[in-house]
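Welcome! Please take a moment to look over the sequence and the 3D view below, and then we can walk through a few places together.

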Amino acid sequence: MSAARSRRVSVQPLLPLPCAYEYLDGGLSLETGAIVEIPLGSRRVLGVVVGPGRCEVAEHRLKPVLDRLDVPPIPAVSLAFADWVAGYTLSPLGVVMKMVVGGRDIVSAAAPVRAWARGGQGSAARLTPARQRVLDHLGPGSMLSGARIRSAAGVSDAVLRGMAQAGLIERVTLPAEREEIASPDPDLEPVVTLDATQVEAADRLVRAVRDRRFSVTVVDGVTGSGKTDVYFEAVAEVLRQGRQVLVLVPEIGLSVPFLDRFAARFGVPPLAWHSELPASQRRIVWRAVADGRARALIGARSALFLPYTDLGLVVVDEEHEPAYKQEDGVRYQGRDMAIVRARLARIPAVLVSATPSLETVANIRRGRFGRVALPARVGGSRLPEVTLLDMRVRGPGRGEWMAPQLLHAVETALESGEQSLLFLNRRGYAPLTLCRRCGWRCSCDHCSAWMVEHRLLDVLQCHHCGTTRPRLTVCPGCGATESLVAIGPGVEQLLAESRIRFPDAVTVIASSDTLSGPGAAREFARSVQAGEVDIIIGTQVVAKGHHFPLLTTVGVIDADLGLSGGDLRAGERTYQMLHQVAGRAGRELRPGRVYLQTFQPENPVMKALAAWDRDGFVAAEAREREAAGMPPFGRLAALIVSSHDAADADGAAAVLARTAPQYTNVRVLGPAPAPLSLLRDRHRRRLLVKADRDVDVQAVLKAWIEPLKFPSRVRVGIDIDPYSFL
């Protein structure tokens, strides 16, 4: 074998394996970062070359790499990021590396792409608003796939077919994965003129981009203060430098208003990356990022792992959102990993929020993060007046969910031609179905959770595992008919009450059930902004990101909903969500009014909301956390033991407890059944590790857990910095 064919390389398989294996490069001249196919036992699997071979195995025992995939190599900074995330979360490097590569369907060769271009006919065809949006995104000479046009313009296939029949657009074929990616124009005339405070904040962000070094700056502004327009100036500077920019959003539903605002500012929308993208579109986006054609990207937390060639800025919008925490698989906090990604690339990170997380506030006070403040709304509008409605004094009537004062406020808004939002963060019709005769309750067969009634779909559904069953008419417990009742309200039940109370109003539900994709979300936003909707009944998907000029009245049906359960962050999360919801009201010149229905008006969260005293609430919350040694003043890690057999889970949890580390600055609590003690047919037990802030929790856990051997049917999950305690 020639010297060229005997060069050794280390390859990390994209499997739950903690280390790389040594191979011969097979004469393929493989550089670090190359994505390859390798033999592993009897299988052919994908891997990433992570460096030269270590010469730990005799050459005659090594197998050659089978093939190199025709995609750009993974950049060194992405490899370093994957290694850092694996070490921090105590996850197998192969699993994290797979998040970077994306899988075989992403990197394998694909068929040519069918796309659309402007047609040569159709000048006399009727241009509806939907057709005009398509043409706006499909500029002269542009060729875009149907999926990209549907996402960007918010139209259906029927619109595209109709435009093709009218000669407005025509089919073209592009080489595989080479769909044209339009470049944003950083020097396009801004739609919005910044005021003096915004200009000062934007200049600071632009300077951070020009410095080309790592920094973290928090854009801390009240709802409606123009935070997006401010950080767009930093985005423009990155684009002028010819570099890439990533904007993270906590939920894909927030991408629709962002896409429209970005397109208005820069001429074209950014590419999007999220779990709902079809495989073909994910392949296009991944390759456009990897070869540098994608200059701007908006994405969910997983977008951090894309192989950027020259990332110049990371923005984390709504940085306080719990949705940035990945709760299964590799458990990581997207906001924190975004900062790590920026540090490794030596670029600035920008965190944006009207209600910064306590962790972010602590880092500002420690001098680790900078801060720019936007204390006032743009255009002269003021924050709405917040009224606490004590449900113990004058609550709704029997079988109703809206208090008289809230009903009157909605009625007044309707008479004035204004819109109202009724907020209830609970999907479906009712969270529990109960038999009045025998007390039977409808629970999931696979989880320790009640099944939620969805009358619009005519099913009962578990919101944890997704199991559905038809709605019941006979009690399975006692056989009684007409004895099953819905307990507690969901948005569908609120819709029924609203239609009885306000029969002439146009009322819509906005939840993840009804806004299932970018097209539905865009149509919802359009209809509200056009004044076609009178009352919105919404969950958290409408709590942030939307600007509805006619929305003046907000009613929170169950303001206490998030305060129960003993969760470490219950008060903080409740405050943040309700603050954001309240911020939807009165965003232009019409004054806003907010009504919080509560049984705990004396609760510090409710008092702070009524007074718009965010800083006072944060200070009180920080004092309590610091006294208890809880994050961000201490460290937490959770161990989740699970098995299909309850005895196995109990036995493994007992072993962990018996071998727990004994340090004065580390305390192990548990084991105890998890609040969701059965999830997807697995019995779950939890242990919580509480440590001082300067403790290397990962080192403690590795020394504790690695020597232990558990049956293969038992899983021990590790969650560093847990957010959920279910």
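## A helix with two sides

Which residues are exposed on the other side of α19? Before the answer, please keep in mind that this is a predicted model. On that other side of α19, the exposed residues are A647 and R658.

Now for the helix itself. Helix α19 runs over residues 646–658, which makes 13 residues. From its first C-alpha to its last it reaches 18 Å, close to the 18 Å expected at 1.5 Å a residue. Its buried residues are D648, A649, A652, A653 and L656. They lie on the same side of α19, because they cover an arc of only 130° around the axis. A general rule helps here: an α-helix has 3.6 residues a turn, so residues three or four places apart point the same way.

## What surrounds the helix

Several elements help to cover the buried residues of α19. Among them are the strands β27 (634–643), β28 (666–679), β29 (682–692) and β30 (715–720), along with the helix α20 (697–705).

The start of α19 is also worth a look. There, a side-chain oxygen of D645 comes to within 2.9 Å of the backbone nitrogen of A647.

## The nonpolar cores

Let us turn to the interior. The largest nonpolar core has 54 residues, and those touching the most other members are I35, V107, L246, W286 and L297. Take I35 as an example: leaving out residues up to four places away in sequence, I35 touches G47, V48, R68, L69, V71, I74, V101, V107 and W286. Another core, of 35 residues, lies apart from it and includes A510, V533, L563 and A622.

## A buried serine

Where is S420 found? S420 sits in strand β17, which spans residues 419–423. With a relative accessible area of 0%, S420 is buried. Beyond its neighbours within four places in sequence, S420 is in contact with V410, A413, D534, I535, I536, L551 and T553.

## Cysteines without disulfides

How many disulfides does a search of the whole structure find? The search finds 0. C465 is in no disulfide, and the nearest cysteine sulfur, that of C444, is 3.6 Å away. A disulfide needs the two cysteine sulfur atoms within 2.5 Å.

As for accessibility, C465 counts as partly exposed at 27%. C19 also counts as partly exposed, with a relative accessibility of 40%.

Technical notes: Residues numbered from 1 in each chain as written. Predicted model: local features only at pLDDT ≥ 70, side-chain atom pairs only at ≥ 80, totals over all residues. Heavy atoms only, no water. Helix = DSSP H or I, 4+ residues; strand = E, 2+ residues; numbered from the N terminus. Buried < 20%, exposed > 50% of the residue type's maximum accessible area, 1.4 Å probe, protein only. Contact = heavy atoms within 4.5 Å. Expected span 1.5 Å × (residues − 1). Arc of directions from axis to C-beta. Polar contact = N/O pair within 3.5 Å; in protein donor to acceptor, adjacent residues only side chain to side chain. Core = buried A, V, L, I, M, F, W, Y, C linked by side-chain atoms within 4.5 Å.
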